[in-house]
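Biologist: I'm new to this and I'd like a close look at a single part. Could you take me to the place where the ligand sits, and then walk me outward from there?

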Amino acid sequence: MAFVKLETEGAVSVVTIDRPKAMNALNPEVLHDLEAAFDAIDQEVARVVVLTGSGDKSFVAGADIAAMAQYDEQQAEEFGREGNRIFRKIETFPLPVIAAVNGFALGGGNELAMACDIRYASENAVFGQPEVGLGITPGFGGTQRLMRVIGSRSSAREIIFSARNIKADEALRIGLVSKVFPVEELMPAVMKLANNIAKNAPVAVRLSKQAMNEGADQPMAEAIETEVAAFAKTFTTEDVKEGMGAFLEKRKEKHFKNR
Ligand code: CO8
């Protein structure tokens, strides 16, 4: 993996897109390495994944414009399909994925962050979908996820049609990110959140993610059934006995077994 690093710190796997000379822009090789990194995560060990960009300027500055400039319609379709497949894989990855947005998150960068479960950003982060200014549409999920993430058709259209940049404070206000931190505090805050999530019952966390993902695309009556099924399934685990047992015994220490 020349363009993506995978490190595991305790229960947290950190995936870092590492192409700083091009602001971590995504070309087919970077996308391939990104998928390989997620495939390499040991889900028996890791409980949470953190996704970030190397350097202190950019999370991901989008798809690689120099590469795309050469594409014909068929190549564009292939690249768009491949990027969407990999981003959907991240969105539906069994473990929670936290984006640590440490700088530019433009085009495919914002789309990648939106495929993650939670976004924390540094104060210097800049978001946006600049595609229409380049003569293209968002192609890695932006036309679909931005509206779903911020919950406003008007704002999603305003952002995509205007191609304007969004600073971290506005991203926080519109719900594109959950929290904003001074640059040096971003990774410690993300790791703290990741470790807090990792302390909880892993099967329950995974089923919660699955239910939220599946339910988002279902009519409410079906979505409620999705939740009921997930909830019932947790009662087949050993960890439900540990979690509730610890409460009833007034015990702070919990030892979840991931089963
Ligand atoms: N692609 C390729 N190279 C890039 C990209 C990019 N997206 N972003 C930055 N780089 C390169 C620059 O070309 C430059 O390279 P070099 O040193 O060789 O000239 C290097 O990174 C450093 O960049 P800058 O000198 O421009 O650094 P600045 O700090 O001045 O500016 C910016 C940083 C604001 C991030 C600026 O580089 C920029 O505007 N980049 C482009 C951002 C953009 O428009 N992104 C959206 C791309 S389109 C997209 O993502 C569509 C996704 C769906 C694709 C579906 C395909 C079918």
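Modeller: Let's start with the ligand and then move out through the helices and strands around it.

Before we go, this is a predicted model, where local features need pLDDT of at least 70, side-chain atom pairs count only at pLDDT 80 or more, and totals for chains, interfaces and linings use all residues. Residues are numbered from 1 along each chain as its sequence is written, and side-chain values use heavy atoms, with hydrogens and water left out.

Okay, the ligand. It has 24 residues around it, and the closest are Lys57, Ala61, Ala63, Ile65 and Gly108. To be counted as near the ligand, a residue needs one of its heavy atoms within 4 Å of it. Sort the shell by residue kind and you get 14 nonpolar, five polar and five charged. In that sorting, Ala, Val, Leu, Ile, Met, Phe, Trp, Tyr, Cys and Pro count as nonpolar, Asp, Glu, Lys and Arg as charged, and the others, Gly among them, as polar.

Now look at the polar contacts (pairs of N or O atoms within 3.5 Å; within protein, one must be able to donate a hydrogen and the other to accept it, and residues adjacent in sequence count only if both atoms are side-chain atoms). Lys57 uses its side chain: an N or O atom there is 3.1 Å from an oxygen atom of the ligand. Ala63 uses its backbone instead, with an N or O atom 2.7 Å from a ligand oxygen. Gly108 also brings in a polar backbone atom, 2.8 Å from an oxygen atom of the ligand. On its own the ligand exposes 1,100 Å², and the protein buries 63% of that. Those areas come from the Shrake-Rupley method with a 1.4 Å probe, and for residues, only the protein chains shown count as cover.

Which elements build the shell? Helix H2 (65–68), helix H3 (73–91), strand S6 (104–106), helix H4 (108–115) and helix H5 (131–134) each supply at least two residues. H3 gives the most, with three residues. By helices I mean DSSP runs of H or I with at least four residues, and by strands runs of E with at least two, numbered from the N terminus.

Let's step into H4. Asn110 sits in this helix, and Asn110 is buried, at a relative accessible area of 1%. Buried means under 20% relative accessible area, exposed over 50%, and partly exposed in between (1.4 Å probe, protein chains only). What does Asn110 touch? Leaving aside neighbours within four places in sequence, Asn110 is in contact (heavy atoms within 4.5 Å) with Ala105, Phe127, Gly128, Gln129, Leu146 and Leu176.

Leu112 is in H4 too, and Leu112 counts as buried because its relative accessibility is 0%. Again not counting residues up to four places away in sequence, Leu112 touches Ile17, Leu34, Leu51, Phe59, Val60, Phe87 and Ile90. Also, Leu112 and Glu91 are 21 residues apart in sequence but 9.1 Å apart in space, C-alpha to C-alpha.

Next, follow S6 away from the ligand. S6 belongs to an open sheet of four strands in the order S4-S6-S8-S9, with mixed pairing. Strand S4 (58–60) and strand S9 (166–167) stand at the edges with a single partner strand each, so one side of each has no neighbour in the sheet. Two strands pair if DSSP finds at least two bridges between them. S6 and strand S8 (residues 126–128) run parallel and are joined by three bridges; one partnership there links Leu106 with Gly128 in S8. You may remember Gly128 as one of the contacts of Asn110.

There's one more strand group to visit, around strand S7 (residues 118–122), where four of the five residues are buried. Strand S5 (residues 97–101) runs parallel to S7, with four bridges between them, and Ala100 has Tyr120 as its bridge partner in S7. S7 also runs parallel to strand S10 (residues 179–181), through three bridges, and Ser122 stands opposite Phe181 in S10.

Finally, a backbone oddity: Ala163 has a positive phi of about 60 degrees although it is not a glycine. Ala163 lies in the loop between helix H7 (153–162) and S9, and S9 is one of the edge strands we just met.
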